[in-house]
Amino acid sequence: MATAEKPFIRQDGKDKVTGLGRYTADLDMTGMLQAKFRYSDHAHARITRIDTSKARALPGVFAVITHEDVPDVRYGPFVQDRRLFAKHKVRYEGELVAAVAALTNEIAQRAVELIEVDYEPLEIVSDVEAALQPGAPLLHEEWASYGASEDVVREGNDCSRSTILKGDPDKGMAEADIVVKERYVADMSHAVPIEPHAVVAQWQGDRVTIWSSTQVPFIARSGVATTLELPEAHVRIVVPHLGGGFGGKCEFHYEAQVAALARVAQRPVRLVFSRREEFLAPDHRREGQVLELETGVRRDGSIVARRGRLILDNGAYSADAPFFPQLAAMMAAGPYKIENVFVDASLAYTNTTPSGSVRAPTAPQACWALEQHMDSVAGQLGMDPVEFRRLNIVKNGDEGPTRQVFEDIGAAETLERAVELIGYGKELPDDEAIGVAVGWWPSFGIASGAYVKINGDGSATIITGAQECGTGAVMALPLLAAEILGMEPESFSLLYQDTDAGPFDSGASGSQTTFNNGRAVMAAANDVREQLLDLAAEQLEANRDDLELKDGAVSVKGSPTKSVTIPELAEAAHGSTLLLGRGADAVPEMPASDAAGCTGRLGMESFLAPTFITHAVRCKVDRETGVVRVLEVAAVHESGRVLNPIGANGQVEGGVVMGIGMATLEGSLLGEDARQLNPHLLDYKLQTASDSPPIHIGWVDSPTKPGAGGPKGSKGIGEPPCVPTPGAIANAIAQVTGARVHQLPMTPARVWEAMQR
Amino acid sequence: MSAQSYTAATSVDEALEAMATGARPIAGGTDLVVGARGGKAPLPDALVAIHRVSELRGIREQEGGLVLGALATHADIVASSSACELFTALADASAIVGSHATRTAGTIGGNVMNASPAMETGGPLICFDAVATLRSASGTRRVALTDLFTGPGRTVAEPGELLTELAIPTPKDGTGSCYARLEYRRQMEIAIVGATAVVTLDGGTVRDARIAITALAPTIHRVAEAEQALNGSDASDAAVHAAADAAAGASRPISDVRGSAQYRRAMAAVLTRRAISTAITRARGGRFPIPASPALHGAVNGGAA
Amino acid sequence: MRYDATLKVNGRAYPVAIEPGRNLLSVLRSEVGLTGAKEGCDDSECGACMVLLDGQPVNSCSYLALQADGREIVTIEGLAGEDGDLHPLQQAFLDQGGVQCGFCTPGMLISAKALLDRNPSPDEDEIRLALSGNLCRCTGYSGIVRAVQAVAEQR
């Protein structure tokens, strides 16, 4: 791309470095009230009485609402199993029972405490395996009556089951020379954006505007419309600057409750989460997993069969997790050539905060287990773990777990480059080692739209439904339009963040912004380009086919003096027909697969434009304390064609450090009452600047065929960087200590305990 | 947060006057305000801010030792060459409290009177025989740090008493010291296990050893059995190991989100051993970076364990 | 009861009347009207609220506003020159990819300024240690560290 060479400064950058940019919690309005929630007092209980009278009587309280004050609507993207407020039962500690709007936070808090709720406590289910045992207490007794997508396979506490079957795994396993079976457990963890959730709602007549820290404004709009029974046209979601998301702010959260409060109070209402609430009620956290993996290999190192049994934690309600079992099953099969595969994955209801997409959902945990398992198998074979992967990794023409045939991929190249970048095999001190892990991740093809208009002075504006969450994906859209229009990216303004302005987009989720909205912006830019050329042909009295558009002007090929600039064309257009482009490119087709033997098919039976990643990590392990320091990371990604190197590198740097956090320290612990024991940053420890190592980044350029991927053959970039990091670190730890850590996060205590066995 | 009244004292007498009527002192706020925000304890009803009381500031040398004003910050201690040379374990401790912002705002007086069993500076102050001066409207008394702490968050100080300074006698020649903490991250940690060693060598013999353990019991305390194992010894590895094991044996750790009792007890031995070894290295005149803890975990740029 | 105080923020005096329990962050964000400093946690762990108080970095969420009476406070809004020119650190954060979501950026820039004020030429590890009280979830800190290094090298 012509503009890729010079540093591209993001348009929202100056607003952010000066502190002038507004985030949702920074908004203030005349008469604005503050919202507080009353959460469940139990992780599992029947509600026998709710009395809000004392709270209502408190001076300064304008609204107290419960399930009685909103339509009785169940919602959920795959399974409609929840309400805005608990009605008969509470199923996790962060469930909402009531909400208050009051003059100040202090009054609202006092009012919340004055709400009387009586409960009849029920047996708590917090362990995923116990949840699926026969006779386990049902979280949702009425599960069978819930509305749900027909492809979701459900039974009692198993909210979504999915299987992958390829070949004859029993026969394959019987033919293997060596069979290795292992069990791994991953604890739940969190997205932890530095900005906690915030929502402001204000009504104008029967229409509501909601400012929300959401990654997905259109999905939030549809959630509000569904639960408050409003037409979507009556709900406008505006997203001020968004202080990170990582999936934690995907889907529909508290927009409807705050809007309901504002309607009752007849005042604007603001909700700002504390960090504690961000842990207890994020409504989207990374799910825990239990994984049993079994692999059969021949002496030559080829894998003949893989079996897997996975149980994922859904939490108390279904956010978007019902498609996780199928995704996790693909992850457990891995980017390897295996003729015989059976993976059986379930999603168990438990009395914990709901799971949902957090950066590459299911993948870092499943990859961590699988890649440790791969090293274990290599160990049993007496084979170098890199050599073992080299033998089995998928290449062009190979088939995936559902017989998807891979084309234009560079998985093996990522492995070679990563081991080269880290210096695999070099002499190291005896408390250091290099671990390697390979991962993969799909791109998501989803409908998306954009407009491009040329302003009267020849500058331009992109109007998009895409949402920026910090990655810079929206900020980079002008690069794509500028190239098509022969303009500078700096001459574009961007309008996004507003559901009443841009066309639909599924938001800052699924690494999909450039992939889908990038194509839409290019289509819109091409639409305007055609209009510019038509107009120029008229103005220059030239044949349209003889024209070329570059460097801000249209000229006749071969006679550069015969030209008209875009500003001149824009001025002319503003005297007659405006230059307005629209774009909504078709969604790429899913690659063919044979999923005949698979159940619970929710769109993950093949991977569109899959990205492949190898991380090689050099770690130092303090054998006496179990403290692990990551010294150096080589991260090599094949993401098709990279369009914006600064942005792409930023995603890798951030994702790797998130992966280090997941590997070493990030996990929520639950008490016997199923309450989180560490819902604060002192004991849920993120990586600091001093923990973060140098990261060597490599890109394997392997563009998809036109129509099979994103713009110019690109693939999703944002999520993959955290996928293989925990597995690579695990393998380095095992190399140093000789002991495998079977639970994630691999805290110092767990590393130490593994060494005591 | 519930505070109702506020005065800003400009002298110790003004502060004591406010405290006599029930006000609680506040300096950097890094314990009190954080605790109130986190829901640990609401702010006291009446506050007297002491940050302007200049007589409480600074670190000064006086005959026979060093005096830390109650308002001396952790950053002040780390910047003090006397503290680093003579009371190295204290500098080790102050240098790893929270972040840089915590160290510039957090004072030694607040740190001590907050009486957390996980406070970094407690072990070093106890081992160095620090003496706290407690003043109230009715008089002044001096309390050895060993006698100050009575439980988590509790001290022998009466409600009207203000810690004005800490006096620490200069250690004998041949003394080296170290505070070592278990660190999951390289910064922003809280002590899960900590150990202090102050070792005085006479030729090759340990003449005096002080060992204290942190976050391993309701209060930070010295461990006599560990000290006995070292005293009179030749500071050999065997003696150091014996002392470290004795420290672990004397610990009464709890199991919580930060670690199991079993792990903490095992780490008590490891950290105590590392603290003693480093103290001995320093007593022998060897250089070891301040703070010691990061280097003792095999830090990226640090020395050997 | 409210107490009168004068907060000197970015060179301008703000007379305010505030309750004793109010922290500096909340007063900066409401009475003073500067929302650059952010609230990211409950326990002084994230550093998003960091400001300079008499030149020293403090977490304004855990500092009583009344204790800042009469003292010099610099927030992120005070970093750029009066002519609107960005501070070299601000420009470097943009050039080096040190900004993504931007929520940690105000505190991070304050922390970086405090570091360079006390040590104009820190090495990489000193930079990483000094910025450890400011959590960033987007960048992995690489771009931020590069930015501070770039400014340190210019000096």
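Over how many bridges do strand β2 (residues 45–51) of chain A and β6(A) pair, and in which sense, parallel or antiparallel? In this model, which is a predicted one, the two strands pair over six bridges, and they do so in the antiparallel sense. One place to look for this pairing is A45(A), which stands opposite P121(A) in β6(A). The two strands belong to an open sheet of three strands in chain A, whose order is β4-β2-β6 and whose pairing is antiparallel. The edges of this sheet are formed by β4 (89–90) and β6 (116–121) of chain A, each of which pairs on one side only. In general, the strands of a sheet pair through backbone hydrogen bonds, and the pairing may be either parallel or antiparallel.

From this sheet we can step back to the whole of chain A, which contains 18 helices and 27 strands. Its C-alpha trace spans about 80 × 75 × 50 Å along its principal axes. For a chain with 757 residues, a compact globule would have a radius of gyration near 27 Å, and because chain A has 27 Å, its value agrees with that expectation. Of the 757 residues of this chain, 63% count as buried. If one takes the contacts in chain A between residues at least 6 apart in sequence, 80% of them join residues that are at least 24 apart.

A single helix of chain A shows how burial can be arranged. In helix α15 (residues 566–573) of chain A, the residues I566(A), L569(A), A570(A) and A573(A) are buried. When the helix is seen down its axis, these buried residues fall within an arc of 100 degrees, and therefore they line one face of α15(A). As for what they pack against, the buried residues of α15(A) meet two kinds of element in chain A, namely the helix α14 (513–540) and the strands β17 (450–454), β21 (553–556) and β22 (559–565).

Chain B offers a sheet with another kind of pairing. Here three strands form an open sheet in the order β1-β3-β2 of chain B, and the pairing is parallel. Since β1 (5–8) and β2 (24–26) of chain B stand at the edges, each with a single partner strand, one side of each is left without a neighbour in the sheet. From one strand to the next, the twist averages 30 degrees. Strand β3 (residues 46–49) of chain B is joined to β2(B) by three bridges, and these two strands run parallel; within this part of the sheet, P25(B) has V48(B) in β3(B) as its bridge partner. Across β1, β2 and β3 of chain B lies helix α1 (residues 12–20) of the same chain, which runs at about 175 degrees to β3(B).

It remains to see how the chains meet. On the side of chain B, 20 residues are in contact with 22 residues of chain A, and by class these residues of chain B are ten nonpolar, six polar and four charged. Chain C, in turn, has 42 residues in contact with 46 residues of chain A. The elements of chain C that give two or more residues to the side touching chain A are α2 (88–95), α3 (105–118), α4 (124–130) and α5 (142–154), and among these α2(C) gives the most, with four residues. The residues on this side of chain C divide into 21 nonpolar, 14 polar and seven charged.

Terms used: Residues numbered from 1 in each chain as written. Chains lettered and ligands numbered in written order. Predicted model: local features only at pLDDT ≥ 70, side-chain atom pairs only at ≥ 80, totals over all residues. Pairing = 2+ DSSP bridges. Axes fitted to C-alpha atoms, helices over the stretch in contact; angles between N-to-C directions. Contact = placed C-beta atoms within 7 Å. Nonpolar A, V, L, I, M, F, W, Y, C, P; charged D, E, K, R; others polar. Rg over C-alpha atoms; globule rule 2.2 N^0.38 Å. Buried ≥ 20, exposed ≤ 12 C-beta atoms within 10 Å, placed from the backbone. Arc of directions from axis to C-beta.
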